[in-house]
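Here are a few friendly notes to read alongside the model. Take them one at a time, and keep the 3D view open as you go.

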Amino acid sequence: MRLPSAKSLRLYAVLSVVPAALLAAWALLAGQGQHVLAHGPLLAKHQGTACASCHIPAPGSTRQQIQAELRYLTGLRATPVDFGYQPVQSAQCLTCHERANDRHPIYRFREPRFRDAAQVVEATSCMGCHSEHGTVKISSGTTFCAACHQDLKLKADPIDVPHITLIKQENWGSCMTCHDFHGNHRYDVPNRMADALPLGSLRSYVSGGADPYGGFKQVRGQMP
Ligand code: HEC
Ligand code: HEC
Ligand code: HEC
Ligand code: HEC
Ligand code: HEC
């Protein structure tokens with residue numbers, strides 16, 4: 001039996017990819033298709049947000065995209081093209097969530113010194129820690145502080161179990177029981193472990209539940 005050539009394999013790939021991509025594009029364009037192909041519901045706070053505020057059409061007409069994709073799959077073009085829609089970019093999130101007070105802004109972590117940290121947590125993109133259409137709101141979990149704060153030392157530590165001890169014990173689960181990540185909530189950071197948030201309330205928050213930091217925010221997402 002003769003094995004299929006690379007060229008005919010690519011042709012099979014074209015034949016199987018194009019209809020799926022067309023279907024996905026149609027689902028985003030046509031109202032009735034939306035709930036069929038959207039991978040799951042939007043975050044509760046995003047209900048009523050237009051699909052197009054996060055999903056930007058890819059450049060070129062559908063015909064141009066199909067042609068470019070065929071050229072790529074048959075080896076006549078070096079790079080693939082975005083079909084129908086571009087991958088969601090942080091820029092889309094920032095149109096509604098631009099916040100000058102963010103204590104961990106994504107642009108900061110593009111500096112080379114955070115390269116190792118980026119292996120642990122993708123801090124340079126909103127999508128590195130957040131997801132939509134899924135069962136979790138914060139996909140990074142709560143213990144990723146370790147990636148950057150291993151060497152943290154406070155001059156005069158105000159808490160009853162000092163940071164240096166927490167870090168020695170590798171108690172990275174404790175950090176978010178006293179600190180929010182973006183620093184956008186208006187609430188008092190406790191000095192005592194006994195006043196920290198219960199771990200269960202954090203677990204519930206990251207997977208979609210109520211906001212344990214009280215929901216008082218300095219800057220709220222904007223609906224344009
Ligand atoms: C708040 C932003 C946001 C909104 C609003 C939104 N999405 Fe998404 N969507 C995402 C993100 C993030 C992903 C993950 C994949 C990615 O990065 O492209 C995604 C993935 C998808 C995918 C899978 C595509 C793929 O390449 O994996 C489909 C289909 C989709 N969304 C459809 C919809 C539809 C239909 C709506 C409107 C009901 C919608 N989305 C609204 C952010 C959003
Ligand atoms: C069309 C405007 C808009 C876009 C685009 C948008 N958001 Fe939001 N988002 C909001 C609003 C409004 C709220 C509710 C007010 C608030 O909590 O700040 C919100 C709330 C949130 C929350 C808090 C949810 C909760 O239950 O506490 C998260 C997390 C979030 N957005 C992440 C994102 C990410 C990540 C993206 C990009 C994929 C994005 N948003 C895109 C408007 C938007
Ligand atoms: C390194 C992980 C990480 C990255 C990157 C990240 N977030 Fe978050 N985000 C979190 C965590 C953890 C929380 C929960 C703690 C809190 O509320 O600050 C959160 C909470 C939020 C909230 C709800 C609380 C609030 O501040 O209003 C919003 C909105 C949000 N993120 C938007 C964004 C947007 C927009 C981006 C990209 C510009 C982004 N995040 C990037 C980890 C991340
Ligand atoms: C990708 C690296 C990175 C990660 C991950 C990270 N941080 Fe930070 N964090 C920083 C940097 C950089 C600063 C700023 C330090 C400075 O300016 O000296 C900072 C500052 C802070 C501050 C002080 C802010 C202020 O205004 O004084 C707190 C509190 C903090 N981080 C808590 C956390 C917690 C809690 C986590 C985990 C949920 C976390 N960080 C994860 C890099 C990171
Ligand atoms: C019992 C509550 C509590 C816990 C648990 C806790 N912190 Fe803190 N943290 C504080 C307080 C209080 C301060 C000082 C006031 C402030 O900066 O808000 C502080 C300050 C900080 C600062 C700022 C340091 C500076 O020089 O300004 C960083 C960074 C930080 N904590 C990170 C962490 C990390 C990482 C963890 C987990 C290992 C953690 N914290 C656990 C309460 C806590």
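1. A word on terms comes first, since the loops below are placed by the helices on either side: helices are DSSP runs (H or I) of at least four residues, numbered from the N terminus. With that in hand, E170 sits in the loop that links α7 (163-168) to α8 (199-206). Please remember throughout that this is a predicted model.

2. Now for the overall plan. The protein chain has eight helices and zero strands, so its elements read α-α-α-α-α-α-α-α from the N terminus on. Of its 224 residues, 5% count as buried. Among contacts between residues at least 6 apart in sequence, 61% join residues at least 24 apart.

3. Is E170 buried or exposed? E170 is exposed, because 11 other C-beta atoms lie within 10 Å, and the cut-off for exposed is 12 or fewer. Its backbone deserves a look too: E170 has a positive phi of about 55° although it is not a glycine. Most residues other than glycine have a negative phi.

4. H133 makes a good companion to study. Its phi is positive as well, about 65°, and H133 is not a glycine. You will find H133 in the loop between α5 (115-120) and α6 (146-149). H133 counts as exposed because it has 11 C-beta neighbours inside 10 Å.

5. Next, try helix α3, which covers residues 62-73. Its 12 residues reach 16 Å from the first C-alpha to the last, close to the 16 Å expected at 1.5 Å a residue. Which residues of α3 are buried? They are Q65, A68 and L73. These residues cover an arc of only 130° around the axis, which means that they lie on the same side of α3. R63 and Q64, on the other side of α3, are exposed. As general background, an α-helix has 3.6 residues a turn, so residues three or four places apart point the same way. After α3 comes G75, with a positive phi near 85°.

6. Let us turn to the surroundings of ligand 3. There are 19 residues around ligand 3, and H97, C126, C129, D180 and N184 come nearest. What classes make up this shell? It has nine nonpolar, eight polar and two charged residues.

7. One of those residues, N184, also helps to place A100. A100 and N184 are 84 residues apart in sequence, but their C-alpha atoms are 9.8 Å apart in space. A100 belongs to the loop between α4 (90-97) and α5. A100 is exposed because 7 other C-beta atoms lie within 10 Å.

8. Ligand 4 has a shell of its own. Of the 16 residues around ligand 4, those that come nearest are A123, C145, C148, C175 and H179. By class, the shell divides into 12 nonpolar, three polar and one charged. Its largest share, three residues, comes from α6.

9. Finally, follow C145 from that shell. C145 is found in the loop between α5 and α6. How many other C-beta atoms lie within 10 Å of C145? There are 19, and therefore C145 is partly exposed; a residue needs 20 or more to be buried. Leaving out residues up to four places away in sequence, C145 touches W172 and C175. C145 and S174 are 29 residues apart in sequence and 10.0 Å apart in space, C-alpha to C-alpha.

How values were computed: Residues are numbered from 1 along each chain as its sequence is written. Chains are lettered from A and ligands numbered from 1 in the order in which they are written. This is a predicted model: local features need pLDDT of at least 70, side-chain atom pairs count only at pLDDT 80 or more; totals for chains, interfaces and linings use all residues. A residue is near a molecule or strand if its C-beta atom, placed from the backbone, lies within 6 Å of it. Ala, Val, Leu, Ile, Met, Phe, Trp, Tyr, Cys and Pro count as nonpolar, Asp, Glu, Lys and Arg as charged, and the others, Gly among them, as polar. Helices (H or I, at least four residues) and strands (E, at least two) are DSSP runs, numbered from the N terminus. The expected span of a helix is 1.5 Å times one less than its number of residues. The arc is that of the directions from the helix axis to the C-beta atoms. Two residues are in contact if their C-beta atoms, placed from the backbone, lie within 7 Å.
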